[in-house]
Amino acid sequence: MDKIIKTTVSVGIYWIEVAEAGLRILCGCPGDSIKHLIKRGLVVPQEKQGVAYESGPNAILLSDTMVQNGDFANLAEFPVLHMLYKQGMIIPKHPNNTGVKPLLIGQSEQVNAQMQYIYRGNYGLVSKEEVMETGMDAHTASEMMRMKLHFAYGKISSSNAFLDTIQVGSEKVGIRNGVFIQRTATNIFEISYEGERVTVDLNLKPGERYVSPYPLGFQKLKREYFAVIHSGEGDGWDINRPSMASIISFQGKIFLIDCGPNLFYNLTALGIGLEEIEGIFQTHAHDDHCAGITTLMRAGHKIKFFATPVVRATVQKKLAALLSMEEENFQDYFAIHDLAFDVWNDVDGLEVKPVFSPHPLETSIFMFRTLWAGGYKTYAHFADIVAFQVLQRMVTDDAAKPGVTQAFFDRIREAYLQPANLKKLDIGGGAIHGMADDFRDDRSDKLLLSHTSQELTLAEKKIGSSAPYGVTDILIPAESDYSRRSAFAYLQSYLPNAPVHHIRILLNCPLRSFNPGEIILKEGVVPDHLLLVLSGMVESIHANDGVSGQLFAGTLIGEIAGIQHVPTDATYRSSSFMHALVIPVGLYHELIKKNDLAAKIEQNWRIRIFLQSTRLFGEGVSHPVFSRICDALHHHYYQTGDIISCRDLGSLNIVKSGQFVRLVGQEALDCLGERDFFGEEGAVFDIPCLFRVQATQPSETLQIPGELLKEIPIVRWKLFESYLKRTQKIVYSGSTLGVLSWREEFGINNAQMDVHHKKLVEIANSIIEILRSTQDRHSLERAFEGLVDYTKYHFAAEENLMRQYQYPDLERHQRIHHVLVAQVMDYREKMTKLDSLGGVVFEKFFFDWIVGHILNEDRKYSIFLNDQCVF
């Protein structure tokens, strides 16, 4: 009988069980991994010593890469909660609480990131100072922290208090009880026990995505004036439904409320493309409400992010921990719109009032309204809330104890019971969720009971309704045709400067709906009509190149093939219910000629078609954005052996033809062929010349300015994913490629400051690469400018953090910072005066200059902050 049992659970998820050693490992933990285990029967109800609990994993093996093919690969929050509470490993006097902690296993970068992310998922903002940093007054911040401490059983603890970790490298390391693990390649691990071995490969194939544990039927939705689409009624444990969420259709625009796991799958089933999403209203940062945020970061435009400042700050801190990035980078992907508590905030006619709701981390419930005949129509979305009996037990008059005041309780109760035309409620029960019985006498027109994995009881059915997936509650029906309004805006981008009456000619063309999975245009067919996508999603398939991508609203399918009367080079099929404007090719062609646009379209279409066949631009980029790219890019040609200058690496280079090799020192890192790209380090992330690139045959690249790409979230996200993998490979994994490697001992146990320090190491490596390769003085000056600027930014952030928590040695630390800035500026000045840069050893200066400071001085304030539960 095998001593090690390996079970394939789902795409990218495996189960390893070594019964003799009492070890059960969840290998890979993307969103909803626990639901997959439940569906496979690997998590089941059990009983021991009269205590009911669930079986499950007691260890988690993390992916080497935080993101795979656009989705989070490591989301351990709910698996850890399951181990601690559903299995009872942290519950006092529980038979499974043996003193042995759950395990997180993986590379140090990923383990540390997960520990910080779980910490923020447990508590959100962890101090009065952090709450006040969002603009809250001292009294309110103190009130929030008193309540939070009650949920936290009186103490905010680091993740180390309830989790053990094992860091895995290339050497074999012990897990427990004679079980060993070794990392043999990126995302490939060998687990052994008493002579038996199994291999676990957590890599996703190109284009492969993690799958949903539940099936969703396709829905055909109309864009209403004011309506609520019910896109989730379950909770984090429900294996049959998405977690509680809603979508508001207002004047034809789409707004999400929360973004739980499997968001892309959910939106596809509803026929909503990313380009249709105007904004998201975020209630809080728990994974069952927030894990889909990377899907929204892959839109072609910056989606508006609506939240109260405390909720936004929590989301930023959690996301920054997950991705080891700076909190400020959040605004690179979203248009941030902060909402004020307890007042009506006007969002282009849709008014929203956030109300604070007691929960372990910062949470807002939302009231929405819009003016209509007879007064306002209102929708209340209450996720997450707390049961009145739980909140009442928290009431205490002792201001020194964790809890809330009676006045706080009364205020929350009044807010919860405010009537609405439609109110959707969290009735998950337990210590942190609401109860239906609290709303037995609620005066709302209609109550919807949500956020539960259980069937409604008879008593609950008497209180409120339920909503099947995709059902719409229409508060104000639409009398206007919003699809043609959208079509007008899209057509203007295709026919710039055309008179309005020409656009109206096309608007009079018929509308047509397509079913999910329907082929709408086959490769090799000469189209006689064009399709302007107005809603839904379309998959484009370039079979010969092995490239596919999702196209959204605003895409004009068949444009070039129709105009030039040539066969189309791709197959297009609807991924969801899709609505399109059907335009005869002859009519469109005639209007192009009338507006003298043929030459412009001819000039750009070949570039656009090529870009759309690449992984980077194959989905989610709208026509107006492509037009700006085509106008801004230029062609560059290289001969065999040419070294691409750092100036050329200041733009993103797409390989049009030929081949390049990417070098670190004299070592080849990888080869780049047609449709690959390079230069994103300098173009988008301001780390010039981190790598050297050389042409290995005559080659052509399309160079695109980085400033343009920074404003396209989906492109920026793919570039970030690529950049992250590469820097982790050479800077953070103990590489022997002659670079300054980040070492575990450099960490100071403060997530944001560690991110800053890593960025300094990356900039230092770009300087090293310039000195040992091109020695281009312009590039070197730019790199040093980046080092000085980032150093000043980092020191200011560090000093602000110390000031926020009243670090007693702040003034001395500031004086040291002044000296360090003067030293690097002096070093930079000396470099400019050297006749030759040969023999310059920057590594020694950098190590003596900043690494020594991190290891000595920064550790001191970090220990001080850690004592205040700031990590």
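Analyst: Two strands pair if DSSP finds at least two bridges between them. With that in hand, let's look at this predicted model.

User: Happy to! Between β2 and β3, which turn residue has a positive phi?

Analyst: Strand β2 covers residues 13-18, and β3 covers residues 23-27. They pair in the antiparallel sense over 5 bridges, with Tyr14 facing Cys27 of β3 as its bridge partner. The two strands form a hairpin with 4 residues between them, and the turn residue with a positive phi, about 65°, is Gly22.

User: And on the other side of β2, which residue is the bridge partner of Thr7?

Analyst: Strand β1, residues 5-10, runs antiparallel to β2 and is joined to it by 5 bridges. These two also form a hairpin, with 2 residues between them and a positive phi of about 75° at Gly12 in the turn. Within this pairing, the β2 partner of Thr7 is Trp15.

User: How many residues of β2 are buried?

Analyst: Buried here means under 20% relative accessible area. β2 has β1 and β3 as pairing partners, and the strand is mostly covered. Of its 6 residues, the number buried is 5.

User: Stepping back, what radius of gyration does the protein have?

Analyst: The protein has 25 helices and 42 strands, and its C-alpha atoms fill a box of roughly 75 × 70 × 65 Å along the principal axes. Because a compact globule of 871 residues would come out near 29 Å, the protein's own value agrees with that expectation: 28 Å.

User: Lastly, what share of the residues counts as buried?

Analyst: The accessible surface comes to about 33,600 Å², with 50% of it belonging to carbon and sulfur atoms. Across the 871 residues, the buried share is 61%.

Technical notes:
Residues are numbered from 1 along each chain as its sequence is written. This is a predicted model: local features need pLDDT of at least 70, side-chain atom pairs count only at pLDDT 80 or more; totals for chains, interfaces and linings use all residues. Side-chain values use heavy atoms; hydrogens and water are left out. The radius of gyration is taken over C-alpha atoms; the globule rule is 2.2 Å times the number of residues to the power 0.38. Buried means under 20% relative accessible area, exposed over 50%, partly exposed in between (1.4 Å probe, protein chains only). Accessible areas come from the Shrake-Rupley method with a 1.4 Å probe; for residues, only the protein chains shown count as cover.
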